[in-house]
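Biologist: I would like to learn how to read a model feature by feature. Where do we start?

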Amino acid sequence: MLSSEDNELLTRVGPDTSMGNLMRRFWVPILLGDEIGEPDSQPLRVKLLGEYFVAFRDTQGRLGLLDARCPHRGADLSFGLNEEGGLRCAQCAWKFDIEGNILDLPMEPEDSPLWKQGAATAFSIREFGGLVWAYVGPQDDVPDLPEFEWTRVRAEQRYLSRFAVECNYMQGVEGGLDAARVNALRQALAGEPLGLGDDEPAHTVEATATDYGLIVGTALDADGKAPLDVQVTHWLMPFYTTAPADEKDILEGVAWVPIDDESTMAFAVTYNPKRRLTQKLLADIRRGKRIHPQLAEGSVRRKRNKDNGYAPDGKPGYASFESRFASTFELAVACQETMGTIVDRSQETLGANDAAVESARKVLMTAAVDLMEGTVPVIVHHGEAYRVRSYAATVEQGTRFDQDEGVRAGIAAEV
Ligand code: FES
């Protein structure tokens with residue numbers, strides 16, 4: 001349970017909010033790599049942390065990211081024409097390069113002070129690991145890119161997607177940390193019956209703070225037997241969760257990127273660190289069986305969404321779970337949305353197995369408050385700390401899972 005004030009601190013991400021300032025200290029995925037197009041192609045409007053930006057690739061193939069508000073009179077630059085080395089505003093044709101410098105000022109005198117004063121606000125943008133990333137924080141202190149294992153494998157070894165989630169980012173993060181869902185997902189990945197009934201095995205959860213966020217151990221069938229089966233997953237600052245490891249070298253994770261306070265863009269990745277993805281796995285992904293929900297045509301909105309009651313056939317409430325949702329993940333996202341766009345955490349009742357959820361909140365809020373006092377999180381300049389993976393371990397009773405040598409070796413990324 002959180003006070004209403006802490007819930008505000010945790011969830012508000014717009015300009016000049018404490019959590020928004022923290023998020024702005026990290027590189028953030030904004031688009032899939034193939035969405036931004038060829039040189040001089042259509043600029044793209046992106047909403048991130050409650051603000052609009054425009055991303056484009058200039059004539060030389062360089063990426064640019066500008067504040068979407070034209071510095072002249074505020075027209076949206078994503079309506080502009082991307083041509084001959086810059087972006088020309090659709091309103092009165094001022095033209096800017098990727099650094100925001102003015103290239104053309106039609107109808108203004110050649111000695112106009114506007115040539116110096118009228119620059120657009122530019123931000124850092126990169127292509128990395130199959131995604132386009134933005135850094136919209138202080139441009140004189142650019143952080144490291146997070147060196148996730150999936151960013152370092154060949155393109156044919158990973159599958160990336162993005163989809164809108166109609167609630168605050170933290171509900172996505174907390175869904176990714178929820179022990180019951182993690183266990184159900186593990187069962188689904190193992191091809192076992194979905195564990196939503198009486199046969200759900202008992203489990204206990206421990207979460208330990210790390211330099212990147214949290215390492216989370218979910219001990220299955222925790223009835224005192226030795227050794228324990230432990231699913232080791234991670235939460236990585238500020239909004240990344242990892243799914244439990246499966247037995248076929250397939251690993252998965254999600255970035256829950258805040259669009260604004262009440263909506264999120266999820267970037268999901270499935271990858272194999274050793275070899276290319278199989279046709280069978282890709283077919284499962286296309287059918288929505290993993291963590292990549294099927295989308296409405298030409299949209300980032302999920303086919304099963306709030307408006308149709310999560311039943312695109314128009315029969316919400318009557319279909320079985322298996323016929324209604326393609327995966328436990330899709331069900332989990334629906335659960336997150338039905339809590340409301342910003343869940344009131346002052347009304348919740350947490351249990352012992354919500355340890356990871358509580359810890360992640362605490363780490364984020366502490367980092368946001370520390371930043372207010374001038375302390376930038378150390379992790380932003382340690383991209384190598386993101387080289388961890390989920391791992392299914394057996395741990396002797398009495399041994400802390402995060403101190404176990406097998407676990408420490410198993411969570412280290414190989415790539
Ligand atoms: S509003 Fe952009 S050039 Fe006038």
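Modeller: With a helix, and with the reminder that this is a predicted model. The check is rise per residue. Helix 9 covers residues 355–372, 18 residues in total, and at 1.5 Å a residue the span should be 26 Å. Its end C-alpha atoms lie 26 Å apart, so expectation and model agree.

Biologist: Which residues of helix 9 are buried?

Modeller: Start with the general idea. An α-helix has 3.6 residues a turn, so positions three or four apart point the same way. Now the case here. The buried residues of helix 9 are A355, A356, V357, S359, A360, R361, L364, A367 and A368.

Biologist: What covers the buried residues of helix 9?

Modeller: Both helices and strands. The cover includes helix 1 (4–11), helix 2 (18–23) and helix 4 (169–177). It also includes strand 12 (203–209), strand 13 (213–220) and strand 14 (228–236).

Biologist: And what follows helix 9?

Modeller: G374, with a positive phi near 100°.

Biologist: How should I read a positive phi elsewhere?

Modeller: Ask about the residue type. Most residues other than glycine have a negative phi, and most peptide bonds are trans. Two aspartates depart from the phi rule here. D16 is not a glycine, yet its phi is positive, about 65°. D249, also a residue other than glycine, has a positive phi near 65°.

Biologist: Where do D16 and D249 sit?

Modeller: In loops. D16 is in the loop between helix 1 and helix 2. D249 is in the loop between strand 15 and strand 16 (251–260).

Biologist: Is D16 buried or exposed?

Modeller: Exposed, because D16 has 8 C-beta neighbours inside 10 Å. The cut-off for exposed is 12 or fewer. D249 has 12 other C-beta atoms within 10 Å, so D249 counts as exposed too.

Biologist: Which peptide bond is cis?

Modeller: The one from M237 to P238, with omega near -5°. P238 lies in the loop between strand 14 and strand 15 (240–242).

Biologist: Now a loop residue with some cover. How many C-beta atoms surround A75?

Modeller: A75 has 16 others within 10 Å, so A75 is partly exposed. A75 belongs to the loop between strand 4 (63–67) and strand 5 (81–83). Next, look past the neighbours within four places in sequence. A75 is then in contact with C70, C89, A90 and Q91. Sequence and space can also be set side by side. A75 and A93 are 18 residues apart in sequence and 11 Å apart in space, C-alpha to C-alpha.

Biologist: How do I read a sheet?

Modeller: Take strand order, then pairing sense, then edges. In a regular strand the side chains alternate between the two faces of the sheet. One open sheet here has 4 strands in the order 5-6-7-8, with antiparallel pairing. Its edge strands are strand 5 and strand 8 (102–104), each pairing on one side only. Strand 7 (residues 95–96) runs antiparallel to strand 8, joined by 2 bridges. K95 stands opposite D104 in strand 8.

Biologist: Which strands pair with strand 9?

Modeller: Strand 4 pairs with strand 9 (residues 122–128) in the antiparallel sense, over 2 bridges. There, L65 has F123 in strand 9 as its bridge partner. Strand 9 also pairs with strand 10 (residues 131–135), antiparallel, over 5 bridges. I125 has A134 in strand 10 as its bridge partner. The hairpin of strand 9 and strand 10 has 2 residues between the strands, and G129 takes a positive phi near 60°.

Biologist: Zoom out. Which domains does the chain have?

Modeller: The domain assignment gives domain 1 (31–135) and domain 2 (149–410). At their boundary, 9 residues of domain 1 are in contact with 11 residues of domain 2. The domain 1 side has 5 nonpolar, 3 polar and 1 charged residues.

Biologist: And the chain as a whole?

Modeller: The chain has 10 helices and 18 strands. Buried residues make up 43% of its 415 residues. Consider contacts between residues at least 6 apart in sequence: 60% join residues at least 24 apart. The C-alpha trace spans about 80 × 50 × 45 Å along its principal axes.

Biologist: What radius of gyration would a compact globule have?

Modeller: With 415 residues, near 22 Å. The chain has 22 Å, which agrees.

How values were computed: Residues numbered from 1 in each chain as written. Predicted model: local features only at pLDDT ≥ 70, side-chain atom pairs only at ≥ 80, totals over all residues. Expected span 1.5 Å × (residues − 1). Buried ≥ 20, exposed ≤ 12 C-beta atoms within 10 Å, placed from the backbone. Contact = placed C-beta atoms within 7 Å. Domains from an automatic or database assignment. Nonpolar A, V, L, I, M, F, W, Y, C, P; charged D, E, K, R; others polar. Rg over C-alpha atoms; globule rule 2.2 N^0.38 Å. Pairing = 2+ DSSP bridges.
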